[in-house]
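The following explanation is meant to be read beside the sequence and the coordinates. It moves from enclosed space to open space, and then to individual residues.

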Amino acid sequence: MKTVAFTTLGCRVNQYDTDAMKGLFLQNNYEAVDFDEKADIYVINTCSVTNMGEKKSRQLIRKAKRQNEDAHVIVTGCYAQLDPDAIAAIDGVNLVIGTNNRSKIVELVEQLESTERQINAVRDIMNESNFEEMPLYGNESDKARAFMKIQEGCNNYCAFCIIPYTRGKLKSRKVDDIVQEAKRLVDHGFHEIVLTGIHLGNYGVELPGRPTLADVVKALLEIPNLYRIRFGSIESVEVSDELVELMATNKRVCPHLHLPLQAGSDHVLKLMKRHYTLQEYKDLIASLRSRIKDLSITTDIIAGFPQETDEDFEETLNTVREIGFTHIHAFPYSIREGTPAATMPDQVPEAVKKTRVALLNGLSQSGYDAYAKSRIGKPGEILIEKEENGYYMGLTNEYVNGKVKSDGLHKIGDLIGGTVVGLEDNYLIIE
């Protein structure tokens, strides 16, 4: 039996793609092994959101070849889509696939057996208008939470982002296909599904009948034993009233939203070509919290965008303090060639970016602590992801770490709860 090893760089959407490709190999009688082991085939799912992602991709390609010089090395993902010629020029790469055509990965790999020539299967993503069906097969490592991609592509063209050029235009998955995969995942032991996409809030706008994200949720709520539905990242301007109502009235829809802010300054938001003002974002947060009990809000913030002044950043810090996020994914701005921001004047020095990220990370921890402590004395429930040191451990509905003392009667994927009695090492203690 031939062995195949996978590694993934970047976001949850990339991880979904990797899990789906792994399933295709397993269905065709390949054995999956760890990427650090010797394998017949190495699949590297690359990222191009940052320059560091591209550097890491090149390192992994070379690592794979060192581990087995006779192995076939397959490179896919955003970096492969963005610059397939650069990938193909790296010694040892046998097959290049972009962000489409991955459903044919096993077929393409088997073509390598009959040719000594490198295969470049990258196509112009801008010509692709249909969602590529590549369902999961219940083969992920944890049997509690599954990430399901239901949307691909983005039409926003923010000044800093390369994604529209690597993922193409909006493409949504049909509701019936989503439901069928969800049923299969629940049958395999997954009781929480996280809906993900590049531009999740715009789900369905190009499909016949224009189904919405709320329509998907309503369909999934019909599935027995699906305990939780959670969302990946959603643009704030695309949170519909119908979706809010579902979150407010159905406890199976997790009271957690990841709403990218990117900057807490109108000056920087305008430079970024974001589609909202700071006050619009704040007003939305206030409205959401008034309607959804115990809502937890997480976000992304870019530090050191070109022309971001000390005053701009101070405004961002004040915004963060005012809103009180449960978690902030803070990262330094990274130049992406081909985007408007790459050629903007007044690029911020790396040392300044690093300092700003550190300050945001400090506020992120403070926000997490404040929200977690606000849960003390209230009901808490986790979906068990692991058992460790005498405790069941997992995430609460609100996306906070929690743990319950093990009684030996529960398994991964079960819900278990009680009352939150304390906070220890970033974990809620539930009894």
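How much space lies in the largest cavity? In this predicted model, the largest cavity holds about 90 Å³ of space. A search of the whole structure for cavities of 30 Å³ or more finds 1. Its lining consists of 13 residues, and those closest to the centre are Arg 102, Phe 131, Glu 132, Lys 149 and Glu 152. Two elements, α1 (12-27) and β7 (145-152), each give two or more residues to this lining. Sorted by class, the residues around the largest cavity comprise 7 charged, 3 polar and 3 nonpolar.

Glu 132, named above among the residues closest to the cavity centre, is also a contact of Asn 101. Asn 101 is found in the loop that runs between β5 (93-96) and α5 (105-112). Is Asn 101 buried or exposed? Its relative accessible area is 9%, so Asn 101 is buried. Beyond residues up to four places away in sequence, Asn 101 touches Leu 108, Ala 121 and Arg 123 as well as Glu 132. With Ala 121 there is a polar approach: a polar atom of the Asn 101 side chain lies 3.4 Å from the backbone oxygen of Ala 121.

From the enclosed space, the description turns to an open one. The second largest pocket has a volume of about 510 Å³. It is lined by 20 residues, and Lys 251, Pro 255, Asp 294, Asn 397 and Glu 398 lie nearest its centre. Both α9 (241-249) and β14 (379-388) supply at least two residues of this lining, and β14 gives the most, with 3 residues. The classes represented in the lining of the second largest pocket are 9 charged, 8 nonpolar and 3 polar residues.

The helix α9 also leads to Val 253, which lies in the loop between α9 and β11 (256-258). With a relative accessible area of 1%, Val 253 is buried. Which residues surround Val 253, leaving aside its neighbours within four places in sequence? Val 253 is in contact with Val 217, Leu 221, Ile 229, Phe 231, Leu 246 and Met 247. Computed along the chain, Val 253 and Leu 243 are 10 residues apart, while their C-alpha atoms are 9.6 Å apart in space.

A charged residue offers another buried site. Glu 192 lies in strand β9 (residues 192-197), and at 0% relative accessibility Glu 192 counts as buried. What polar contacts join the side chain of Glu 192 to other side chains? One, of 2.9 Å, joins Glu 192 to the side chain of Arg 145; another, of 3.1 Å, joins Glu 192 to the side chain of Arg 228. Not counting residues up to four places away in sequence, Glu 192 touches both of these arginines and also Ala 144, Ala 146, Leu 226, Arg 230 and Leu 383.

The cysteines remain to be considered. How many disulfides does a search of the whole structure find? The search finds 0. Why is there no bond between the sulfurs of Cys 47 and Cys 78? The cysteine sulfur closest to that of Cys 47 is in Cys 78, at 6.3 Å, which is too far for a bond, because a disulfide requires sulfur atoms within 2.5 Å. For Cys 78, in turn, the closest cysteine sulfur is that of Cys 47. Cys 47 counts as buried at 10% relative accessibility, and Cys 78 counts as buried at 4%.

Key:
Residues are numbered from 1 along each chain as its sequence is written. This is a predicted model: local features need pLDDT of at least 70, side-chain atom pairs count only at pLDDT 80 or more; totals for chains, interfaces and linings use all residues. Side-chain values use heavy atoms; hydrogens and water are left out. On a 1 Å grid over the protein atoms alone, a cavity is a set of points where a 1.4 Å probe fits but cannot get out, and a pocket is an open set with protein on both sides within 12 Å along at least five of seven lines; lining residues have an atom within 4 Å of a point. Grid points are joined across faces, edges and corners, and a volume is the space filled by probe spheres set on the points. Helices (H or I, at least four residues) and strands (E, at least two) are DSSP runs, numbered from the N terminus. Ala, Val, Leu, Ile, Met, Phe, Trp, Tyr, Cys and Pro count as nonpolar, Asp, Glu, Lys and Arg as charged, and the others, Gly among them, as polar. Buried means under 20% relative accessible area, exposed over 50%, partly exposed in between (1.4 Å probe, protein chains only). A polar contact is a pair of N or O atoms within 3.5 Å; within protein, one must be able to donate a hydrogen and the other to accept it, and residues adjacent in sequence count only if both atoms are side-chain atoms. Contact means heavy atoms within 4.5 Å.
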